Amino acid sequence: MDYFGLVSARNVDKLAAVKLTPVRSALVDAPYVEEFPMVVECRLAHTIELGLHTQFVGEVVDVKVEESALGSDTTADIKKVNPLVFTPDTQAYYGIGKFVAKAFSVGEGL
């Protein structure tokens with residue numbers, strides 16, 4: 001994904017350069033990438049100007065998950081999806097790490 005932020009679409013077909021396939025969405029006016037195991041399609045709901053930055057708020061209209069990325073309960077399995085997380089403050093990418101604790105129960109002992 002780093003490549004997409006480094007190269008201008010005016011000069012190169014980014015998806016072709018990295019051998020990814022764009023698919024036209026039937027729900028929103030934006031393509032998604034066929035090879036990605038999970039796609040969250042959003043419609044722009046609000047645009048908020050915050051000084052030098054703009055915050056875009058989207059409404060989720062569809063979620064597509066490859067069968068190979070589903071867990072035994074037929075929901076997306078985060079370990080199989082293997083998402084990439086970007087941290088703007090350190091400008092670094094991270095993968096999802098090991099299980100830490102069960103939500104809505106780990107704090108009961110405090």
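Me: Buried means under 20% relative accessible area, exposed means over 50%, and partly exposed is in between (1.4 Å probe, protein chains only). Why is Asn82 called exposed, then?

Reply: Asn82 has a relative accessible area of 56%. The cut-off for exposed is over 50%, so Asn82 earns the word. Keep in mind that this is a predicted model, where local features need pLDDT of at least 70, side-chain atom pairs count only at pLDDT 80 or more, and totals for chains, interfaces and linings use all residues. Residues are numbered from 1 along each chain as its sequence is written, and side-chain values use heavy atoms, with hydrogens and water left out.

Me: What makes the phi of Asn82 worth a look?

Reply: Phi of Asn82 is near 55°, a positive value in a residue other than glycine. Asn82 sits in the loop between α3 and β5 (84–87). Thr74 has a positive phi too, near 65°, and isn't a glycine either. Thr74 belongs to the loop between β4 and α3 (78–81), and its 60% relative accessibility makes it exposed.

Me: How do you know how many helices and strands there are?

Reply: They're DSSP runs, numbered from the N terminus: H or I over at least four residues for a helix, E over at least two for a strand. The protein chain comes to three helices and six strands, in the order α-α-β-β-β-β-α-β-β from the N terminus.

Me: Why is the chain called more spread out than a compact globule?

Reply: Its radius of gyration is 17 Å, well over the 13 Å that the globule rule gives for 110 residues, so that's the conclusion. The radius is taken over C-alpha atoms, and the rule is 2.2 Å times the number of residues to the power 0.38. The C-alpha atoms fill a box of roughly 55 × 40 × 30 Å along the principal axes, and buried residues make up 12% of the 110 residues.

Me: How do you know that β3 and β4 pair?

Reply: Pairing takes at least two bridges found by DSSP. Strand β3 (residues 38–50) and strand β4 (residues 53–65) have twelve, running antiparallel, so they count as a pair. Met38 stands opposite Val65 in β4, while His46 has Val57 as its bridge partner. The hairpin has two residues between the strands, and Gly51 there takes a positive phi near 65°.

Me: What makes Gly58 partly exposed, and which residues does it touch?

Reply: Gly58, in strand β4, has 45% relative accessibility, so it counts as partly exposed. Leaving out residues up to four places away in sequence, Gly58 touches Cys42, Arg43 and Ala45, where contact means heavy atoms within 4.5 Å. Gly58 and His46 are twelve residues apart in sequence, yet their C-alpha atoms are 6.9 Å apart.

Me: Why can Tyr93 be in a surface patch?

Reply: Patch members need over 30% relative accessible area and no salt bridge; like charges are joined within 9 Å, nonpolar side chains (Val, Leu, Ile, Met, Phe, Trp, Tyr) within 5 Å. A salt bridge would be a side-chain nitrogen of Lys or Arg within 4 Å of a carboxyl oxygen of Asp or Glu. Tyr93, in strand β6 (residues 92–95), has 37%, so it is partly exposed. Tyr93 forms a nonpolar patch with Met1, Phe36, Leu84 and Phe86, with about 500 Å² of accessible area together (Shrake-Rupley method, 1.4 Å probe; for residues, only the protein chains shown count as cover).
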